[in-house]
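Q: Please take a close look at the side chains in this model. Which of them pair up, and which gather in patches on the surface?

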Amino acid sequence: MLTYILRKSLMAVPILIGLATIVFLLNFVFVPGDPVRIAMGQHADPDTIEMIREEMGLNDPLYIQYFRFIGRLFKGDLGESFTSKRPVTEMIIERFPATAQLAFGAMVISIVLGVTAGVISAIKPYSILDYVFMTLAMVGVSMPVYWLGLILIWVLALNLDLLPVGGYGTWQHLLLPALALGSRQAARIARMTRSSMLEVIGKDYIKTARAKGLAERVVVIKHALRNALIPVITVIGTQLGYLLGGTVITEKVFSWPGVGRMAVDAVMKRDFPLIQGTVLFLAAIFIVVNLLVDLSYGVLDPRIRYE
């Protein structure tokens with residue numbers, strides 16, 4: 001197990017370096033505008049702008065800036081924000097709890113709704129409930145998050161006045177964005193749970209469990225659901241990595257002060273160190289989540305061994 005974890009961790013290093021290279025180049029090639037001029041304003045003194053560019057190292061050749069960036073990265077230093085003059089790592093750590101809170105809230109909603117709907121659809125295939133749940137799942141997968149978020153704001157916040165439109169700090173502020181974000185993920189989990197459960201329910205050991213006189217609840221939850229969870233866990237882990245990676249649109253719609261919203265603001269301000277730092281931080285989280293998903297397979301299915 002330790003060897004497997006170490007090998008997976010070492011494999012993440014070239015992935016992060018490759019991603020860092022791509023992000024670094026994209027900032028200079030595809031993000032237009034001078035960050036210093038944007039920060040200082042269009043009427044700033046050219047000599048002042050040039051002096052600041054020299055202090056920031058933006059006048060150095062591109063390859064020197066790249067190796068300086070990679071060197072800092074190996075030291076765990078993500079650089080300093082152009083606009084706020086604060087360490088990028090400090091800014092990410094400050095914003096990440098909000099993103100984590102939203103992501104885990106959305107994940108709880110998606111797992112409860114998705115697994116429940118998938119199991120009911122699987123044990124009652126081609127019933128009215130099955131058709132209703134799978135139709136809702138299809139709509140949920142196809143529905144843009146920002147559109148669902150606006151609909152929920154219009155219905156629950158503006159018309160019914162049940163929840164606040166936006167903001168941060170209480171569970172009432174969390175519920176609306178988590179519901180908007182979790183509903184989309186619940187649709188994917190429901191479809192995968194139904195498919196996996198239908199495959200497992202027809203196995204011989206399920207028939208044997210029923211023949212032994214076990215209660216249907218025990219057969220479904222202990223024998224069928226547990227063995228059907230591996231593909232579902234993969235979907236859940238992938239979605240959790242995506243959610244922790246910054247729910248940009250949801251955070252913008254609901255004015256949620258997370259990492260995704262900060263990354264969008266950094267792009268608008270051409271804050272290259274902050275863009276690079278947030279992308280790499282979120283990529284590292286995604287890799288860690290996927291490693292935990294891989295390790296969970298052995299817990300769910302003892303037949304899986306890491307050699």
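What follows treats the aromatic pairs, then the salt bridges, then the surface patches.

A: The model is predicted, and every value below is computed from it.

Begin with the aromatic side chains. A search of the whole structure gives 5 aromatic pairs. In one of them, the ring centres of Tyr-66 and Phe-67 lie 5.4 Å apart with the planes at 65°, so this pair is edge-to-face. The cut-off behind that label is an angle over 60 degrees between the planes. Tyr-66 counts as buried because its relative accessible area is 18%, and the limit for buried is under 20%. Phe-67, in contrast, has a relative accessibility of 56% and so counts as exposed. Another edge-to-face pair is made by Tyr-168 and Trp-256, with 4.8 Å from centre to centre and 90° between the planes. These partners come from distant parts of the chain, 88 residues apart. Tyr-168 sits in the loop between helix 7 (145-159) and helix 8 (171-201), while Trp-256 sits in the loop between helix 11 (248-253) and helix 12 (259-268). Tyr-168 is partly exposed, at a relative accessible area of 40%. Trp-256 has 0% relative accessibility and therefore counts as buried. Tyr-66 and Phe-67 also belong to one aromatic cluster, together with Phe-24 and Phe-69.

The charged side chains come next. The structure has 3 salt bridges. Arg-86 takes part in a salt bridge with Glu-90, where the closest N and O atoms are 3.0 Å apart. Arg-86 also forms a salt bridge with Glu-94, with 2.9 Å between the closest N and O atoms. Arg-86, Glu-90 and Glu-94 are thus linked in a network of salt bridges. Within this network, Arg-86 is partly exposed at 25% relative accessibility, and Glu-90 is partly exposed at 41%. A further salt bridge joins the side chains of Asp-130 and Arg-194, at 2.8 Å from N to O. Here the partners are 64 residues apart and lie in distant parts of the chain, Asp-130 in helix 6 (residues 128-142) and Arg-194 in helix 8. Both Asp-130 and Arg-194 are buried.

The surface also carries patches. One is a patch of negative charge, in which Asp-45, Asp-47, Glu-50, Glu-54 and Glu-55 gather. Of these residues, Asp-47 can be placed in helix 3 (residues 46-56). Asp-47 has a relative accessible area of 60% and so counts as exposed.

A nonpolar patch on the surface is formed by Tyr-146, Trp-147, Leu-150, Ile-151, Trp-154, Val-155, Leu-158, Leu-160, Leu-162, Val-165, Val-248 and Ile-249. Together these residues have about 1,100 Å² of accessible area. Helix 7 and helix 11 are the elements that contribute two or more residues to this nonpolar patch. The most comes from helix 7, which gives 7 residues. Trp-154, one of the patch members, has its place in helix 7.

Methods
Residues numbered from 1 in each chain as written. Predicted model: local features only at pLDDT ≥ 70, side-chain atom pairs only at ≥ 80, totals over all residues. Heavy atoms only, no water. Patch = residues over 30% accessible without salt bridge, like charges linked within 9 Å, V, L, I, M, F, W, Y side chains within 5 Å. Areas by Shrake-Rupley, 256 points an atom, 1.4 Å probe, with all protein chains shown as cover. Salt bridge = Lys/Arg side-chain N within 4 Å of Asp/Glu carboxyl O. Lys, Arg positive; Asp, Glu negative; His and termini not counted. Charge placed at Lys NZ, Arg CZ, Asp CG, Glu CD. Helix = DSSP H or I, 4+ residues; strand = E, 2+ residues; numbered from the N terminus. Buried < 20%, exposed > 50% of the residue type's maximum accessible area, 1.4 Å probe, protein only. Phe/Tyr/Trp six-rings, centres within 6.5 Å; stacked < 30°, edge-to-face > 60°.
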